[in-house]
2 protein chains.
Amino acid sequence: MPTRIMTAAQAPVRQSSVRAHNLALVLQTAANSADRPSRAAIAAATGLTRATVSALVDDLIAGGLLTEHDPAPRTGAGRPAAGLALNADGPAGLGLEINVDYLAACVMDLTGAVRHRIVSHGDQRPVSPAAALAALDTLADQARAAAAAEGLTLAGAALAVPGLVAAGGLVRVAPNLGWQDVDVPALLPGLAGLPLIVDNEANLAALGELRAGDEQTFLYVSGEIGIGAGIVLDGELYRGGRGWSGEIGHVTVHPDGRPCRCGANGCLEQYAGQEAVAADADLAASALGIALAAVVNLLDIGVIVLGGAYAPELPRLRDGIEAELGRRVLTAGLAPVTLRAAALGADAAMRGAADAVIRSVRDDPAAWLSR
Amino acid sequence: MPTRIMTAAQAPVRQSSVRAHNLALVLQTAANSADRPSRAAIAAATGLTRATVSALVDDLIAGGLLTEHDPAPRTGAGRPAAGLALNADGPAGLGLEINVDYLAACVMDLTGAVRHRIVSHGDQRPVSPAAALAALDTLADQARAAAAAEGLTLAGAALAVPGLVAAGGLVRVAPNLGWQDVDVPALLPGLAGLPLIVDNEANLAALGELRAGDEQTFLYVSGEIGIGAGIVLDGELYRGGRGWSGEIGHVTVHPDGRPCRCGANGCLEQYAGQEAVAADADLAASALGIALAAVVNLLDIGVIVLGGAYAPELPRLRDGIEAELGRRVLTAGLAPVTLRAAALGADAAMRGAADAVIRSVRDDPAAWLSR
């Protein structure tokens, strides 16, 4: 029998990990409640004792993650509801994005509200990676200053890149930027000292959409000059073995078809990239439908979210996509596939990046409290 | 902010769940050790105290899940090593399979050894679902009698079916058997009283392969008259939203190609099903390569296991498949894809079914102990 690597789920449960688990549970219960719950309501919802909840809540308030509003008689329309809520002045996330034709930065607070947003338009293809990242570093500095001016402490930063990202933030290849083996963290000196996540833009946009929408399992497809996808399963982004999942742009739709930048023939990107949609929407919709049917047949995902340049084009594309899904998805007669436009539009990846930082705090408040 | 459904990970940690967690941890540590570990070795490996480990081990022995051999001086070659091991006479799993041309049953003990195996050949297509399942019920009875004769108690049964299975064991459609909406548990009265899992054959074969091999993330492709796949991610089978993942046989490889039973054109099954491989192995390999490249581009899976009728054909298919993977996988230049034949051959689904029962005991021994 092979020896297995021990995973987190196989680690022993100790008192310290029980506390960490329950801190996260209390924080998430407060965060996900429709109204501001009392300590007693959190105890009832979680099954923890009131004494335990109170001690954990005290720690979360002291660490700046929760705020508590005293119950008080109604004295005016503007008075906040009594109870516990995420602290909008607590740790915040810095979301960054580099794409083919813009740089962007935003600051998101712990409640998910965007407190600051800067977008700088300009074609990044003629610019060297070092120069592009220097410009982004400047943008990040402005965002940090804006956060500081509002009294927000940044818990970390995350950068969305249209490419394949390896461990340590190394961008192996970003074909539409012309990047190869770019050591991103080394080229963002202004962010030194801040935890930095570098990830694929479709992955982060999918996380943004996860926060914005109601679905916990969906495929997010980002249509720009390239096409990427983020696969969200049961509320978690599925990254694949090396973090390179979601390369739907290079799924073959016509085996002997148009040559692609990647060296293959008939990749989806050649039929349904931004220019191809403009040139022939029917052909693009059919190609998208063929590739999406493959995803549904393989993964049994019932919801497809079209983002980026696809969102405004969906009315033109829907019939063609749905016709292929109806023909090619084996279970189409048993369960319909829902197709919708992304809620966040062009900000999805930048917001998803900031959200990745916020999530890391919300998922493990004990780590934040011990910093 | 949307209200989320509370998942198991969000449930509070109580003493009873700590005990359940640690029981599973101790059992799995004993199961996955290369040699029979002592109580002290398990304490060292898990980080639990020796007193805690001893109490948990006592419960696992009393419940028939572990056996303990006393340390003793070496007196002969046949003497078992001292220490703890899974109990080969503990709870066992009944694995069942119905396929196009055979019925099968096996009994697997807690250590994963097949203790009994019956295969009954015969074309199931002309037989009604009720008659086929009645014959399987008889086979299951024989296997239960064989298990009882060896003093084994069955913890449950699992049945592998080449089709789409819905909740409650309802087979929505099994195209190659000609089944539609068959209530399997109702047609297996001999199994009444035993927990019964009904699942897709490629899913269960993938579980069998997971047990037999070293990889924790792979795509298992089952090539018979139909083609199915099981997706194993980080040691877990990915079932999809409704359990209908892995329908790789209906991924489009030639959009305007051969008509398929399912109503679409150009499905993989029409180019790489068992008859198609016999007719033109080169065309089959190319079609398989196109579909597998889509899987790798989407899921970033580095290992593909070919099972069923594909396993013996792999030498004829390998070059054609690898040529397409090399051309069409975006990351082919960064990380190779490994292609190998399944270890278990034709027994994979039946063994995977029995293994699913065994796993349910090994993953949650507390539930077994409280039965």
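In this predicted model, helices α8(B) and α9(B) pack with their axes 7 Å apart and at an angle of about 40°, and the two helices are therefore oblique to each other. The crossing that α8(B) and α9(B) make is right-handed. By residue class, the contact between α8(B) and α9(B) is made up of 12 nonpolar, three polar and four charged residues. On the side of α8(B), the residues that take part include B:Ala281, B:Ala284, B:Ala285, B:Leu288, B:Ile290, B:Leu292 and B:Val296, while those contributed by α9(B) include B:Leu317, B:Ile321, B:Ala323 and B:Leu325. Charged members are found in both helices, among them B:Asp282 in α8(B) and B:Arg316, B:Glu324 and B:Arg328 in α9(B).

The contact between the two chains takes 55 residues from chain B and 55 residues from chain A. On chain B, the side that touches chain A receives at least two residues from each of α1 (15-32), α8 (281-299) and α9 (310-328); α8(B) and α9(B), which pack against each other, thus also supply residues to the side of chain B that touches chain A. The residues of that side of chain B divide into 27 nonpolar, 20 polar and eight charged.

The arrangement of the two copies may be described by a rotation together with a shift, since two copies of a chain are related by a rotation about an axis and a shift along it. Chain B is superposed on chain A by a rotation of 180° with 0.0 Å of shift along the axis, at an RMSD of 0.0 Å, and this is the relation of a two-fold axis. Of the interface residues of chain B, 98% are also interface residues in chain A, so the copies meet through the same surface.

Within chain A, five strands form an open sheet of mixed pairing, in the order β13-β12-β11-β14-β15. The edges of this sheet are occupied by β13 (236-238) and β15 (338-341) of chain A, each of which has a single partner strand, so that one side of each is left without a neighbour in the sheet. On average, and with direction ignored, neighbouring strands of the sheet are turned by 25° against each other. In general, the strands of a sheet pair through backbone hydrogen bonds, either parallel or antiparallel. The edge strand β13(A) pairs with β12 of chain A (residues 227-233) in the antiparallel sense, over three bridges, and A:Leu233 stands opposite A:Glu236 in β13(A).

Notes: Residues are numbered from 1 along each chain as its sequence is written. Chains are lettered from A and ligands numbered from 1 in the order in which they are written. This is a predicted model: local features need pLDDT of at least 70, side-chain atom pairs count only at pLDDT 80 or more; totals for chains, interfaces and linings use all residues. Two residues are in contact if their C-beta atoms, placed from the backbone, lie within 7 Å. Helices (H or I, at least four residues) and strands (E, at least two) are DSSP runs, numbered from the N terminus. Axes are lines fitted to C-alpha atoms, for helices over the stretch in contact, and angles run from 0 to 180 degrees between N-to-C directions. Angles under 35 degrees count as roughly parallel, over 145 as roughly antiparallel, 65 to 115 as roughly perpendicular and the rest as oblique. A crossing is left-handed if the near helix is turned anticlockwise from the far one by less than a right angle, and right-handed if clockwise. Copies are superposed by least squares on the C-alpha atoms of residues with pLDDT of at least 70 in both. Two strands pair if DSSP finds at least two bridges between them.
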